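Colleague: I should be grateful for a close look at one part of this model, set in the context of the rest of the chain. Please treat the matter in one connected account.

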Amino acid sequence: MNTRFRNGITALLNSSGMLDVCVALAQKHSKRSLTVLMYHRVITKPDPFFDGILLQQFDQQMRYIAEHWHPVSEQQVLDFYYDSKPLPEGAVFVTFDDGTEDTYSLALPVLEKYGIPGIVFVCQEACQFDGLLWTDELALLLKHSNLSVLDIAIGGEQYRFSLANEADKVEALWAIKSILKQLDNAERLGCLSEISRQLGELSADQRTGYMLTAEQMQRLQQGRVSVAAHTRSHPIMSQIDADVARYEVESSRDYLSDLGFVQQSFCYPNGRSQDFTQETKTIVRNAGYKLAYSTIEGVNNENTDPFELRRLHVSGLSLPAFKSCLLRSLIKRGLK
Ligand SMILES: [Zn+2]
């Protein structure tokens, strides 16, 4: 079905109220299902260098789930998988990845306004040392650069990126990000420092305030948003040795435990099925975790592997598209 036609049908179903009726019916027929929403950044205005969901759109989505679904907490998800406690009809769980500052300053007030619990998965290094996620560092370097061209060798290949205008910089950002994601940590850091050598280092002011502080994490927890681990440095787990993977998991667990956050849920960086392995799951389980979230698209039920929970990518969806995404995912799960 072409997108314009589908959007037209969705808008029609939404304005007639049929979409809400279909959602209610699907929820009734999909008892014991758990829909998990995945967010990263919440932003106040569009910025081509930083992806995220607009605050207004996030507010609309949260108001809708507060009114038409049943938002659940981390503990309810744990009780469902480990004590067979039923979830309410239309159970939905709100998750945030990475631990950027906006989870506290922008998302939390919305969650509190509607009484919605959630969880944030934080990257230890960037949070602990008031640093940057490497993707944000790259974005800022390109955004503030005055160079017109970047020449760089990555993994034995020579690349040339035009930085002549904002569109070129954004194109370079996405291309470099996808190349660097495939490298191991040491190689990636080497490339980043070469890029920053050419483009000019970021000032201390430009680098600071991007990630959650320990105090902000405490406030999130008080607002019923659990704080959980997303590794130390955000590597792709399937690409690192078992010893390094164990260190990444245990170090981030210890960092958050020492701050007083009980660690029961984990989230794989990047999270697609090729980004973690059976061995990764074993390492996470042996570190004491009971649940692990992927970025594999879908809705969960009692048969879903608790170390491979599915989520829905809903950033950037208009309210009708959001409703229809949740409906389609629920129906798909019900059919399996
Ligand atoms: Zn992440």
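Is His234 buried or exposed, and how many other C-beta atoms lie within 10 Å?

Modeller: The model is a predicted one, and the answer should be read in that light. His234 is buried, because 23 other C-beta atoms lie within 10 Å, where 20 or more are needed. The residue sits in the loop that runs between strand E9 (225–229) and helix H12 (242–258). Its backbone deserves attention as well: His234 is not a glycine, yet its phi is positive, at about 65°. In general, most residues other than glycine have a negative phi.

A positive phi is also found at Asn270, where the value is near 70°. Asn270 likewise belongs to a loop, namely the one between strand E10 (265–267) and helix H13 (278–286). Asn270 is partly exposed, because 17 other C-beta atoms lie within 10 Å, a count between the limits of 12 and 20.

A buried position within a strand is provided by Ala292, which lies in strand E11 (residues 291–297). Ala292 counts as buried because it has 23 C-beta neighbours inside 10 Å. Beyond its neighbours within four places in sequence, Ala292 is in contact with Phe266, Cys267, Tyr268, Lys281, Val284, Phe307, Glu308 and Leu309. One of these partners, Glu308, is 16 residues away from Ala292 in sequence, while their C-alpha atoms are 5.8 Å apart.

As to the wider setting, the chain is divided into domain 1 (31–130 + 210–335) and domain 2 (134–206). Their centres, taken over C-alpha atoms, are separated by 28 Å. To the contact between them, domain 1 gives 10 residues and domain 2 gives 9 residues. On the side of domain 1 that touches domain 2, 7 residues are nonpolar and 3 are polar, with no charged residue.

There remains a pair of packed helices. Helix H7 (residues 134–144) packs with helix H8 (residues 166–180) at an angle of about 150°, and their axes are 10 Å apart. H7 is therefore roughly antiparallel to H8, since angles over 145 degrees count as such. The crossing of the two is right-handed. From H7, the residues Thr135, Leu138, Ala139, Leu142 and Lys143 take part, and they meet Lys169, Ala172, Leu173, Ile176 and Lys177 of H8. By class, this contact comprises 6 nonpolar, 1 polar and 3 charged residues.

Notes:
Residues are numbered from 1 along each chain as its sequence is written. This is a predicted model: local features need pLDDT of at least 70, side-chain atom pairs count only at pLDDT 80 or more; totals for chains, interfaces and linings use all residues. Domain bounds come from an automatic or database domain assignment. Two residues are in contact if their C-beta atoms, placed from the backbone, lie within 7 Å. Ala, Val, Leu, Ile, Met, Phe, Trp, Tyr, Cys and Pro count as nonpolar, Asp, Glu, Lys and Arg as charged, and the others, Gly among them, as polar. Helices (H or I, at least four residues) and strands (E, at least two) are DSSP runs, numbered from the N terminus. Axes are lines fitted to C-alpha atoms, for helices over the stretch in contact, and angles run from 0 to 180 degrees between N-to-C directions. Angles under 35 degrees count as roughly parallel, over 145 as roughly antiparallel, 65 to 115 as roughly perpendicular and the rest as oblique. A crossing is left-handed if the near helix is turned anticlockwise from the far one by less than a right angle, and right-handed if clockwise.
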